[in-house]
Structure formats: C-alpha cells, structure tokens
Amino acid sequence: MSFIEINDLSHVYHRGQADEIAALSHVSLKIDDGEFVAVLGANGSGKSTLAKHLNAILLPTGGSVVVDGMDTRDMAHLWDIRQEVGMVFQNPDNQIIAAVVEDDVAFGPENLGVPSDEIRKRVDDSLALVGMSDFARFAPHLLSGGQKQRIAIAGALAMHTRCLVLDEPTAMLDPVGRAEVLNAVRELHENEKITVIYITHFMEEAAAASRVVVMERGEVVVDDEPHGVFPCVEEMKKRGLDVPLASEVAWRLRKQGVKLPDNIISDDELVAAICR
Amino acid sequence: MSIELKNVTYTYMRGTAFERTALKDITLTLKENSLTAIAGHTGSGKSTLVQHLNGLLHPTSGVVTVDGTDIAGKSKEAVDARRKVGMVFQYPEHQLFEETVEKDVAFGPKNMGLSSDEVTRRVKNALGFVNIDYDNYKDRSPFQMSGGQMRRVAIAGVLAMEPKYLVLDEPTAGLDPRGRDELIAGIMRFHREHNMTIILVSHSMDDIALMADRVVFMHDGRVLLDAPPTEAFFAKDAIKEAGLNQPRTVTLLNKLKEHGLDVDVASFKVDDTVKRIMSAIKRRKSC
Ligand SMILES: Nc1ncnc2c1ncn2[C@@H]1O[C@H](COP(=O)(O)OP(=O)(O)OP(=O)(O)O)[C@@H](O)[C@H]1O
Ligand SMILES: Nc1ncnc2c1ncn2[C@@H]1O[C@H](COP(=O)(O)OP(=O)(O)OP(=O)(O)O)[C@@H](O)[C@H]1O
Ligand SMILES: [Mg+2]
Ligand SMILES: [Mg+2]
C-alpha cells in the first residue's frame, strides 16, 4: 500500500445547486513515501482542490483519499492525518493566524503537543531556513507579500510532518528567494526523506522533482518523470503550459538538424551536449 | 505629463515597536507613455512605492504629483489626479469585494458615471481580455475561484476603468504560462494602442526583457539602479543585490560561452537565442 492513495477522487463544489462546479473528476494517484511530486496545470485545473484533499481540508464527493492507511472521511483520524501531512496554502493570508511571527510559526507544533524547548528550537531553525530570523518579533500582517510567504513556509516546516504539500510557495518571491526555498525543501526531502507535493507554475522548479503530474480540467493527463514530460514541447504548450528553456532550445535546434539527445531538460544537460 | 516622486520617504507605524522606514528619499519620474519595471528583493519597498502613485499611502516626507498636481489632500484636483492612476494589487483578494464577478468588474466604471450600456461593454471587454468567459463566470462569486482566476478578475476590474496610468504589482504571479504570455501581450497592446503608461512590479527579468523600456532596481528602500533593460541585464552586482537573475536566455548563453562556444550572449528572445546558437555551431564546424 502506498503512503497516499487517491482512488477515483471527484470533487464537486456546491453539489446539487444550480452553480455546481466539477473541480476534480475521477483522479487516481498513488504517492509513495519519499517521493517529490511536482503538480502542474492551467489556472482552474484543480491543483489546489486536489491539495486540500491530502490533509482533509476538503472531503471527496466521490472516491476516496487514504493517507498512511487512514481514510480522510474518517473523522476519528483527522488529527493523525494533519500530523502527517503539512500544508502551505496558495495565499499566505489564509494561513497566518498569530499576531507575532514566532508565535505563528510555533502554533502548529504547539497544537501537536511538542515540548516547549523543542518548539523554541524548531521555530528558530525554520525561520533561519527561510531567511526570516530578523523578523521573529514582527507582526506578520505588516510584512511584505514575499515575507508573508516565507513565514507560511516556516510554519509548515516547523511541524516536522512526514509529508509537505506546498501550493505555489514561491509565487511572490524574487528569483534568489525562490531558489533558497526550493533548496530548503529539497534538503528536507533528501536528508529527512520527507515526501513533497509541490504545486507550481515554474517549469524549472518542476524539473527538479522526481515525478511530474499534469492536471487539466480536473483530470490527471500526464504522470511521468521530468525527462519524460518536458521534452514533449509541443504537447506541453498545447496544454497552455511551458517547458524549461533548455528543453525548448534543444527541441528547436534538433528541428534544424543539430544532433542532440531527445531528453534534455536543464541548461547543464544542453551545455554538455553542445560543448562535448 | 508624468508621475513624479520628489524626495519621498515613507515610515510605517511611526513611534511603535514596528516602525520601519520602507522608502528612503526616492526621487523618480515616470513619464507618460513609458513602460517602467520595478524590481528588487522581498521587502525592498516595491509595493510601498507603487501604493504612493495613487495616494493609497502618502509620503511621510516629500511629494507625489500626477500631471503636476500634488495628490495629497482632499481637494477636487487631488482626487481627480489620483483617479488617473489604476492599481492592481499584489494579492488580488485585497481588491475583490463584490458578490459576483460582473458586479466587481463593473464597480469602477459605474463609479465613473458611465452609462449602463458602456459599463456592460467595458466589463465584457475587460473579462475577454483576461480570458474569463463572461457568460460562464459573470454570476460566480470572485472569492470562490482559483487563485489565478481571481487575479484575472482583479486585473479586469482595473482595466475596465481605462486609466491613463496603470500600476500592476506582480501581475503575472500565479498565472499559468499561457495566461502569463497573454497578459504580457495584452498589456503591451494597451500600452501601444491606448498610449497607456504602465508601471509594473516584477521579479521576472524574462518578462521585463520583453516589455519594459526602463528598469528601476530597489534595494532597502532606495533606488539601486535606474537604466534601460539592455543595460540593467548586464549590471551583475546590482542584479545580485536586488535578488534577481539575468534573463534565462542570457544565463544559458553565458554557460555555453564559458564552455567554449563562441556565441553573443545579449539575446532575450527564444527564437533569437536559437539562431545565435545555431550560427555559433556552424561557425565551429567550419573551422
Ligand atoms: N470555493 C470554491 N467554490 C466553488 N468553486 C471553486 C472554489 N474554489 C475553486 N473553485 C473552482 O474549482 C476549479 C478548480 O479550482 P482550483 O483552485 O483547484 O484550481 P487551481 O488548479 O489551483 O488553479 P490556480 O492555478 O489558478 O491556483 C475552478 O474552476 C474554480 O473556479
Ligand atoms: N503595514 C506595514 N507596517 C509595517 N511595516 C511594513 C508594512 N508593510 C510593509 N512593511 C515593511 O516595509 C518593507 C517594504 O515592504 P514592501 O511591501 O514595500 O516590500 P516589497 O518590495 O513589495 O516586497 P515583496 O517582493 O515581498 O512584495 C518590508 O520590510 C516590510 O516588512
Ligand atoms: Mg491553486
Ligand atoms: Mg510587494
């Protein structure tokens, strides 16, 4: 049995009303312990809706989601599921609750009953990881957009969950900040073997995952490793998505007769192939 | 005609524990018909700066004028001058408030006293512009949409007012790649066809390369660099200090060059980049 099993999951908002919206239709996915899955898809394709099913913020209107053997519909397991799956929301305003940054980061571990000296350590470590140590005593609602996003990430990191779901965590960050956050997540993934589900519109970030899932109109339409997904330049563009620059350049050079491997997804791979 | 900031300093929460001077003695002119990009790392003061352009924030010291009128104060002139500036916020949720998409986009034009036919025309146009299907979405609550859809509605609401100056705070954040490309093309069309002056906060040097005629880098509340993009893209130290990257095309070309390919790195478009690599490869083969 996989760590997360999504079986024929459907989600209809406003079910039975005139304005009902089918946001997910018959999605099935198995995610194993220790995977790093990037989720791509156009606006409105169902990514955030899917994410909210992974720690029982939303419940299936059809099918089921099973986390570590626990069905999300079973209210008795709600707490256990949230202890295993942490979540960074798309909009940090929906996540930040406390009036002081460090209290906000401490909120999750406090609720898990972590001892207070351990909490102190986790808060300090998480804030350092996202480069926000200087803001520990600041008021989160007074922070800039990117600073809030970092605090929301620190809050999720401090929970030390087995799995992290991050919904566009870097949308408001500058490129250097984006690389820092992605590296922090990758280190957790590599060192602590944390399972990561990472929603993004940045193709270069998705190329760093071990698996890429593409959503379209509430369905999973591609599920493969990055080297299988991104060389399909025309297909990705047709879906309204994109590919890393290196994939597109390689594809265009090949069309003009340059002999290159057909699975290039990074600058380094392209450079190695051209400057043999 | 222009927006001018003269020696603008802004301090948040003066006299409290959270006091923070976010802008430090900024002097800047945003000329009519220009397209200026403002970039800089998290917390450098970009959003604070642009909120001064339509009087959402007023300088702690210094002056902001729009077409020569000081926009501080309650005089009719000041109010009219502020209205020339339309603003799309960094988080669209901060801007949406009506119960349906149609009402939300119509709010601005209605307040301008336009006829209801004209209001409807503008609402349809603006929603079409951001690719939100009018018939499907007009009665939906803007708060029950996906993140990218909300952003599109927020942008439509401001475009529908057809402001003379349009300020966009990270408008492509959260948009899918096609939405991003379409928005960029659309902004450029508005800029050219309506002579709309545009001020754009962006972290993406790739977007800036395609759009801006001028780039302002912010750092710690000050202007670090103010230059045409072609120049700014090669100001390595300033780029680093501002937390930015060179455009992806330049980064790739630089790597190829470092590994011995004789290629010109000053290219910002994919097709042009491919051409340059192609001709460098051919040159290499012939020698
Ligand atoms: N609270 C809600 N009530 C009703 N419909 C909703 C709600 N939230 C989302 N939807 C709809 O469900 C569909 C999927 O939305 P979702 O937020 O999952 O998309 P997404 O892939 O995360 O998009 P984005 O890239 O814009 O964040 C969309 O059509 C959206 O309008
Ligand atoms: N309401 C406020 N009260 C106190 N300080 C604030 C307030 N809003 C912003 N600040 C501080 O002012 C500085 C500049 O913030 P601003 O929002 O202008 O940054 P920004 O460049 O837009 O950043 P980002 O890229 O993260 O959106 C930051 O250090 C921020 O913490
Ligand atoms: Mg979403
Ligand atoms: Mg900002």
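**Exercise 1. Characterise the site of ligand 1 by its polar contacts, its cover and its shell.**

*Solution.*

Step 1. Start from the side chains that reach the ligand: a polar side-chain atom of A:S48 is placed 2.8 Å from an oxygen atom of ligand 1. For A:T49 the corresponding distance to an oxygen atom of ligand 1 is 2.5 Å, and for A:Q90 it is 2.9 Å. A polar contact is here a pair of N or O atoms within 3.5 Å; within protein, one atom must be able to donate a hydrogen and the other to accept it, and residues adjacent in sequence count only if both atoms are side-chain atoms.

Step 2. Consider the cover. On its own, ligand 1 has 640 Å² of accessible area, and the protein covers 91% of it. Accessible areas come from the Shrake-Rupley method with a 1.4 Å probe; for residues, only the protein chains shown count as cover.

The model is predicted: local features need pLDDT of at least 70 and side-chain atom pairs pLDDT 80 or more, while totals for chains, interfaces and linings use all residues. Residues are numbered from 1 along each chain as its sequence is written, chains are lettered from A and ligands numbered from 1 in the order in which they are written, and side-chain values use heavy atoms, without hydrogens and water.

Step 3. List the shell. Ligand 1 is surrounded by 22 residues, of which A:K47, A:T49, B:R140, B:S146 and B:G148 are the closest; a residue is near if one of its heavy atoms lies within 4 Å. Because these residues come from chains A and B, the site is shared between chains.

Step 4. Assign elements and classes. At least two shell residues each come from β2 (21-31) and α1 (47-54) of chain A and from α6 (147-159) of chain B. Helices (H or I, at least four residues) and strands (E, at least two) are DSSP runs, numbered from the N terminus. The shell comprises 5 nonpolar, 14 polar and 3 charged residues. Ala, Val, Leu, Ile, Met, Phe, Trp, Tyr, Cys and Pro count as nonpolar, Asp, Glu, Lys and Arg as charged, and the others, Gly among them, as polar.

**Exercise 2. Carry out the corresponding analysis for ligand 2.**

*Solution.*

Step 1. Locate the ligand: ligand 2 lies between chains A and B. Among its 22 surrounding residues, A:S144, A:G146, A:Q147, B:K46 and B:T48 come nearest.

Step 2. Examine the atom pairs. The side chain of A:S144 has an N or O atom 2.7 Å from an oxygen atom of ligand 2. From chain B, a polar side-chain atom of B:S47 lies at 2.8 Å from a ligand 2 oxygen, and a backbone N or O atom of B:S44 lies at 3.2 Å from one. The protein buries 91% of the 640 Å² that ligand 2 exposes when taken alone.

Step 3. Assign the shell. α5 of chain A, with β2 (20-31) and α1 (46-50) of chain B, each supply at least two residues. By class, there are 6 nonpolar, 13 polar and 3 charged residues.

**Exercise 3. Describe the interface of chains A and B.**

*Solution.*

Step 1. Establish its extent. Contact (heavy atoms within 4.5 Å) links 52 residues of chain A with 46 of chain B. The two chains bury about 4,100 Å² between them, 62% of it on carbon and sulfur atoms; buried area is the accessible area (1.4 Å probe) that two parts lose on being put together, summed over both. On the chain A side, A:N43, A:M172 and A:L245 lose the most area to chain B, together 17% of what that side buries.

Step 2. Count the polar links. There are 19 residue pairs in polar contact between the chains, both residues at pLDDT 80 or more. The interface also holds 4 salt bridges, each a side-chain nitrogen of Lys or Arg within 4 Å of a carboxyl oxygen of Asp or Glu.

Step 3. Inspect individual pairs. B:R180 forms a salt bridge with A:D242, with the closest N and O atoms 3.5 Å apart. In the salt bridge of B:R248 with A:E204, the closest N and O atoms are 3.1 Å apart. B:R248 lies in helix α11 (residues 248-258) of chain B and A:E204 in helix α7 of chain A, so the pair joins two chains.
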